[in-house]
Structures are given as structure tokens and as C-alpha cells.
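Please look over the protein shown here as a whole before turning to any single position in its chain. The explanation afterwards moves from the overall fold to one residue and its surroundings.

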Amino acid sequence: MNGIFKSTRTGIAAVLLAGITLLSFRSASAVRKSCGRLLACTEAVQAAQGDASAEIGALEACWRKESRLLHYFVPNQPLTDLNEAILRLDALNRSQSDELTAELDAVRADLLWISEQEASVF
């Protein structure tokens, strides 16, 4: 009788460990995919010639969609900084500021950092 409980406990532990490992891999994959989509939108803004209002609008829409998922797996501070930077882009574009390129580079760097931090868990 004691052998049955021991084997059951081992089985439960193995299932829990497998579940946690699977969830960890899934979260890392989800963060990398979300960051990849956001990076693609950022590159579209960088590639735009002249007025990039449409591309910035697409980036903001992509951010609203992807940030929901990222809030589950990434600490709030990097996401808050990224949110501020993305929302600042439209104002910089409308004023034809030279800072737009630097802000886009900062957004890109933040996204790459978040993606690498998630990957470094493994």
C-alpha cells in the first residue's frame, strides 16, 4: 500500500514539474513573438518617408494588443517606460522633431532587452 502512494506522489510531482516547465517555455515564446511583432511595427515607422502618422498609429494599435499579454510575463517598469516612449512618437512626428529617430531606437532597444531577458531565463 505504501508503494502505491509513493508512486502516485512521484507521478504528481512529475506532472507538476512538466507543467511548470511547459508554462515557462510558453511564456518565453509568447514574449518573444509579441516583441517580434512590435519590432516589425517599429521598423515600419523607421522605414516610412516623410509623415509616419499611419505607421505610428499601427504601432500604437499593435502595442495596445500586445501589451496585454506582456503584462502577464514582464515586470511593470519596463512596460511603463516603453508605453511612454511609444505614446510620445506621435507628438514627435507631428512636430517633425529630430528626436523621433532617437525615440524609435530607444523603443527598439527596450523591446530587444525585454525579449533577451525572457530568453535568458533558460
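What follows describes the overall shape, then the surface and charges, and lastly one glutamate.

The model is a predicted one, and its secondary structure comes to 4 helices and 0 strands, so that, read from the N terminus on, the elements run α-α-α-α. The radius of gyration is 20 Å, well over the 14 Å that the globule rule gives for 122 residues, and the protein is therefore more spread out than a compact globule. Taken along the principal axes, the box that the C-alpha atoms fill is roughly 75 × 20 × 20 Å. Among contacts between residues at least 6 apart in sequence, 68% join residues that are at least 24 apart.

As for the surface, the accessible area comes to about 7,800 Å², of which carbon and sulfur atoms account for 59%, while 31% of the 122 residues count as buried. The protein carries 12 positive and 15 negative charges, and the mean positions of these two sets are 17 Å apart.

Within this arrangement, glutamate 103 is found in helix H4, which covers residues 99-119. Is this residue buried or exposed? Glutamate 103 counts as buried because its relative accessibility is 13%, which is under the 20% cut-off. Leaving aside residues up to four places away in sequence, glutamate 103 touches Ala85, Arg88, Leu89 and Leu92. With one of these, arginine 88, glutamate 103 also shares a side-chain to side-chain polar contact of 2.8 Å.

Conventions: Residues numbered from 1 in each chain as written. Predicted model: local features only at pLDDT ≥ 70, side-chain atom pairs only at ≥ 80, totals over all residues. Heavy atoms only, no water. Helix = DSSP H or I, 4+ residues; strand = E, 2+ residues; numbered from the N terminus. Buried < 20%, exposed > 50% of the residue type's maximum accessible area, 1.4 Å probe, protein only. Polar contact = N/O pair within 3.5 Å; in protein donor to acceptor, adjacent residues only side chain to side chain. Contact = heavy atoms within 4.5 Å. Rg over C-alpha atoms; globule rule 2.2 N^0.38 Å. Areas by Shrake-Rupley, 256 points an atom, 1.4 Å probe, with all protein chains shown as cover. Lys, Arg positive; Asp, Glu negative; His and termini not counted. Charge placed at Lys NZ, Arg CZ, Asp CG, Glu CD.
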